[in-house]
Amino acid sequence: MILIRHPLVTREHEKFVELVDEVSKEYVEPIADKIDRENYYPREAIRKFGEYGILSPVLPKEYGGSNMDILGTALSIEVISRYSGSMGILTEVQGFLVAHAFYTYGTSTMREELAPKLARGELIGSFALSEPCCGSDAAAIETRAERKGGEWVINGKKMWITQGLYADVYLVFTRTGPKEARHRAITAFLVRRNNCIEASPIHVMGIRGTGTSELTFTDCVVGDDDVVGKVNEGFKIAMEALNLGRIAVASVTLGLAEAAIMEAMEWVRKRNAFDQTLTSFEWIQFQLADMLSYIETMRSIVYDSAVRFDRKYDDYYAFASIAKLVAVLLGIDVIRRAVQLTGAYGVWSNSKLNRIYRDAKLMEIGEGTNEVQRMVIYKWLSKYLG
Ligand SMILES: Cc1cc2nc3c(=O)[nH]c(=O)nc-3n(C[C@H](O)[C@H](O)[C@H](O)COP(=O)(O)OP(=O)(O)OC[C@H]3O[C@@H](n4cnc5c(N)ncnc54)[C@H](O)[C@@H]3O)c2cc1C
């Protein structure tokens, strides 16, 4: 097991991480393969995480969280993802993208009643932004909310929505003005599960068992009380949530890379070739040295970005993108090398590395693709250089 030792990590973080590790070992490790192979949605593990306050650690204890900062939350997602990338992503979506968003931007009822139920795993929530028309260009979404007789009526489709199949509540981003107004005419709504929502499964190559779905909204009626934040100001909520999501996806990739090096190390220590163990070849040792160096670089950039968020640095958003881009590029390389070190065993459908490899690919896409991170970083660079 790779120890988390870093100057930014406190004793309180370490104690929390020990709890996350114990709970993950008990409730996630035994079902990690099943989640992947059978596309099994781990509803009970989510409930258990909620009971231990590790589903949305960033919320206060009395709201179902653990009073953790963003760094503590990132650490917990890293540790969970060593056992299962799917469980890491479920925690990220439920905790950061949904519970924390309702807690931070919602009405008093959303904050006091809904957020705690999500953090405790009593309710399941989805973050519904992407659509068949557009993912990277989120300001172009087409799902409409129209004002009719004092209420709002929502029609449209959402695509790739994590937990969409199982959600009790959806944080839905809609167009509430002309398409040309782009991000200035997007409003976020709380939509409760209802007959007006049809959820169809989408099967993906990695991060399986997360209830990925296409959602169709047909004449869903919601009220003014269901607006999250202000009318036409929903895009900011989406982007703020995604900034946290980027740190979380970087943490998932870090956890996956750590799991990969542990698998590879165990293998090369026991595997013989040419009358020697693989570890006796310098090339193999150098591969592992590179992999660990990449992992420690990932760790530094991921923790740094979390602390910038905690300390409210004004450039936190650029560092969230830098952390995601660097962690994903390095992490995928670590995982690719781990598969190589284990030869055909690494690509066997029975191997954990096979699952890790497929899970890692999706980290280049979710919460903004590598190209979208580069757009954010370049925009910041142009501003920074004046
Ligand atoms: C398993 C999974 C779960 C997901 N869960 C959710 C969820 O819970 N909620 C949600 O809202 N969304 C979710 N998504 C959607 C995800 O956020 C989008 O897939 C992502 O933002 C990319 O959008 P897209 O797939 O439409 O690709 P597109 O936007 O169509 O992009 C296609 C390609 O073009 C590139 N590209 C686009 N524009 C440019 C440009 N200007 N310059 C250079 N390259 C460009 C992209 O980087 C990408 O490589 C999920 C996706 C997956 C795979």
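Arg182 lies in the loop that connects strand 4 with strand 5 (186–192). In this predicted model, the backbone of Arg182 adopts a positive phi of about 45°, although the residue is not a glycine. Arg182 counts as partly exposed because its relative accessible area is 35%, a value that falls between the 20% limit for buried residues and the 50% limit for exposed ones.

A second non-glycine residue with a positive phi is Gln163, for which the angle is about 65°. Gln163 belongs to the loop between strand 3 (151–161) and strand 4 (169–175). Its relative accessible area is 0%, and Gln163 is therefore classed as buried.

Gln163 also appears in the surroundings of Ser126, a residue of strand 1 (residues 125–128). With neighbours within four places in sequence left aside, Ser126 is in contact with Val98, Ile161, Thr162, Gln163, Gly164, Ala167, Val169, Tyr170 and Leu171. Ser126 has a relative accessibility of 0% and so counts as buried.

These residues can be placed in the wider division of the protein chain, which comprises domain 1 (11–123), domain 2 (126–232) and domain 3 (235–385). The contact between domain 2 and domain 3 draws on 16 residues from domain 2 and 13 residues from domain 3. Taken over C-alpha atoms, the centres of domain 2 and domain 3 are separated by 30 Å. The size of an interface is often given as the accessible area lost when the parts come together. For domain 2 and domain 3, this buried area is about 1,100 Å², with carbon and sulfur atoms giving 82% of it. What is the count of salt bridges between domain 2 and domain 3? The count is zero.

Attention now turns to helix 4 (residues 70–83), which contains Ile80. Ile80 is buried, since its relative accessible area is 0%. Not counting residues up to four places away in sequence, Ile80 touches Val20, Ser24, Phe49, Met87, Gly88 and Thr91. The C-alpha atoms of Ile80 and Ser251 are 9.6 Å apart in space, while the two residues are 171 residues apart in sequence.

Helix 4 is also one of the packing partners of helix 11. Within helix 11 (residues 352–362), the buried residues are Leu353, Asn354, Arg355, Ile356, Asp359, Ala360 and Leu362. Besides helix 4, the buried residues of helix 11 pack against helix 2 (32–37), helix 5 (85–105), helix 7 (234–270), helix 9 (316–341) and helix 10 (344–347).

Leu278 occupies the loop between strand 10 (276–277) and helix 8 (282–310). Why does Leu278 count as buried? Its relative accessible area is 12%, and the class requires a value under 20%. Leaving aside neighbours within four places in sequence, Leu278 is in contact with Trp267, Val268, Arg271, Ala273, Ile284 and Leu341. A separation of 11 Å lies between the C-alpha atoms of Leu278 and Glu266, which are twelve residues apart along the chain.

The path ends at helix 12 (residues 370–385), where Tyr384 is located. Tyr384 has a relative accessibility of 59% and therefore counts as exposed. Together with Tyr378, Leu381 and Leu385, Tyr384 makes a nonpolar surface patch of about 500 Å².

Key:
Residues are numbered from 1 along each chain as its sequence is written. This is a predicted model: local features need pLDDT of at least 70, side-chain atom pairs count only at pLDDT 80 or more; totals for chains, interfaces and linings use all residues. Side-chain values use heavy atoms; hydrogens and water are left out. Patches are made of residues with over 30% relative accessible area and no salt bridge: like charges are joined within 9 Å, nonpolar side chains (Val, Leu, Ile, Met, Phe, Trp, Tyr) within 5 Å. Accessible areas come from the Shrake-Rupley method with a 1.4 Å probe; for residues, only the protein chains shown count as cover. A salt bridge is a side-chain nitrogen of Lys or Arg within 4 Å of a carboxyl oxygen of Asp or Glu. Helices (H or I, at least four residues) and strands (E, at least two) are DSSP runs, numbered from the N terminus. Buried means under 20% relative accessible area, exposed over 50%, partly exposed in between (1.4 Å probe, protein chains only). Domain bounds come from an automatic or database domain assignment. Contact means heavy atoms within 4.5 Å. Buried area is the accessible area (1.4 Å probe) that two parts lose on being put together, summed over both.
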